[in-house]
Amino acid sequence: MTSATRSSPGDDKALDDPVGESLRGHHAGLGRRLGRAATYLPDVASFSAVPADADAADWAGLARLLGPGAFADMFSSPATPPPDWEPVFVLEGRQLIWPGTRHPEPPATSAPDVVELGPADVPEMLDLIAWTRPGPFRPRTRELGTYLGIRANGTLVAMAGERLRPPGWTEISAVCTAPEARGRGHAVRLITTLVTRILARGERPFLHLAEANTAARALYERLGFTSRRPVTFRGYRTP
């Protein structure tokens, strides 16, 4: 599938290129495009996209968007850049999806209220991300979708939110809990709330995780997610 092929809502082929599909659709206003290359605004997200059959012009377009010596986070793109693009990292991962329209069971245990996080919460969100390191998160990442949190004594101790938005799908991301608040079911409560909201608007949830993170995978599968495919995350530096 190239960038010229538009996926229909709910078509899981959109998940083969979740960054490109998001930047061509829901997140077009949060990114930049040049030809068939696209990237998010730097303070929104680190991800970039070219089609799977990218040619020299596509890579040149992305290099122009990012600038010289810049980090190109290609997410799960299978495209291979020119030899003068320096490899930065390779990480084996997995893509999980919610298998249908069944709503999740609500958590059995009570917990503090789940609240929506807004612009005023960004400093606390960034602090929690820095402490727990669930993945890349920028000052404007919150604009990609709804982010939810749980507070204890007024302090943000857990959060999760929506990131990529290919047609018919919403990615759950930034799931994290402060060490002192773990083991209280906060992650389950946040994830099930997001799944319910995503299904209610006629979309399906999906997510990504590192292949080595077996504990997180076990949690997601217990909640109802199933594996769609293994993925390889890659990053490069532009010439």
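Reader: I'm new here, so let's start with the open sheet of three strands: what is its order?
Author: Happy to help, and do keep in mind that this is a predicted model. The pairing in this open sheet is antiparallel. Its three strands come in the order S1-S2-S3.

Reader: Which strands stand at the edges of that sheet?
Author: A strand at the edge has a single partner strand, so one side of it is left without a neighbour in the sheet. That is the case for S1 and S3.

Reader: In S3, what is the bridge partner of Thr 39?
Author: S2 and S3 run antiparallel, and two bridges join them. Thr 39 belongs to S2, which spans 37–40. Across in S3, its bridge partner is Ser 48.

Reader: At about what angle to S2 does H2 run?
Author: Helix H2 covers residues 56–66. It lies across S1, S2 and S3, and these strands are included in what covers the buried residues of H2. Relative to S2, H2 runs at about 30 degrees.

Reader: Within what arc do the buried residues of H2 fall?
Author: The buried residues in this helix are Asp 58, Trp 59, Gly 61, Leu 62 and Leu 65. An α-helix has 3.6 residues a turn, so residues three or four places apart point the same way. Seen down the axis of H2, the buried residues line one face of the helix, because they fall within an arc of 155 degrees.

Reader: Which exposed residues does the face of H2 turned away from its buried side carry?
Author: Exposed here means over 50% relative accessible area. On the face of H2 turned away from the buried side, the exposed residues are Ala 56, Ala 57 and Arg 64.

Reader: Which residue caps the N-terminal end of H2?
Author: Look for a side-chain oxygen 3.1 Å from the backbone nitrogen of Ala 57. At the other end, H2 is followed by Gly 67, with a positive phi near 95 degrees. The cap at the N-terminal end is Asp 55.

Reader: What are the edge strands in the open sheet of eight strands?
Author: This sheet has mixed pairing and the order S4-S11-S5-S10-S9-S8-S7-S6. An edge strand pairs on one side only. Here the edge strands are S4 and S6.

Reader: How many bridges join S5 to S10?
Author: S5 and S10 run antiparallel. One place to find them together is Ile 97, whose bridge partner in S10 is Phe 206. The number of bridges joining S5 to S10 is five.

Reader: Which element gives the most to the largest nonpolar core?
Author: That core has 35 residues, and those with the most contacts inside it include Met 125, Ile 191 and Phe 225. Phe 225 touches, among others, Ile 191, Val 195 and Tyr 220. Elements giving two or more residues to the core include H3, S7 and H5. With eight residues, the element that gives the most is H4.

Reader: How many residues are in the other core, which includes Leu 15?
Author: This core lies apart from the largest one. Among its residues are Leu 15, Ala 38, Tyr 40 and Ala 45. Its size is 18 residues.

Reader: Last one: is Ser 76 buried or exposed?
Author: Ser 76 lies in the loop between S4 and S5. Residues it touches include Pro 18, Arg 229 and Phe 233. Buried means under 20% relative accessible area, so with a relative accessible area of 9%, Ser 76 is buried.

Notes
Residues numbered from 1 in each chain as written. Predicted model: local features only at pLDDT ≥ 70, side-chain atom pairs only at ≥ 80, totals over all residues. Heavy atoms only, no water. Helix = DSSP H or I, 4+ residues; strand = E, 2+ residues; numbered from the N terminus. Buried < 20%, exposed > 50% of the residue type's maximum accessible area, 1.4 Å probe, protein only. Contact = heavy atoms within 4.5 Å. Arc of directions from axis to C-beta. Polar contact = N/O pair within 3.5 Å; in protein donor to acceptor, adjacent residues only side chain to side chain. Pairing = 2+ DSSP bridges. Core = buried A, V, L, I, M, F, W, Y, C linked by side-chain atoms within 4.5 Å. Axes fitted to C-alpha atoms, helices over the stretch in contact; angles between N-to-C directions.
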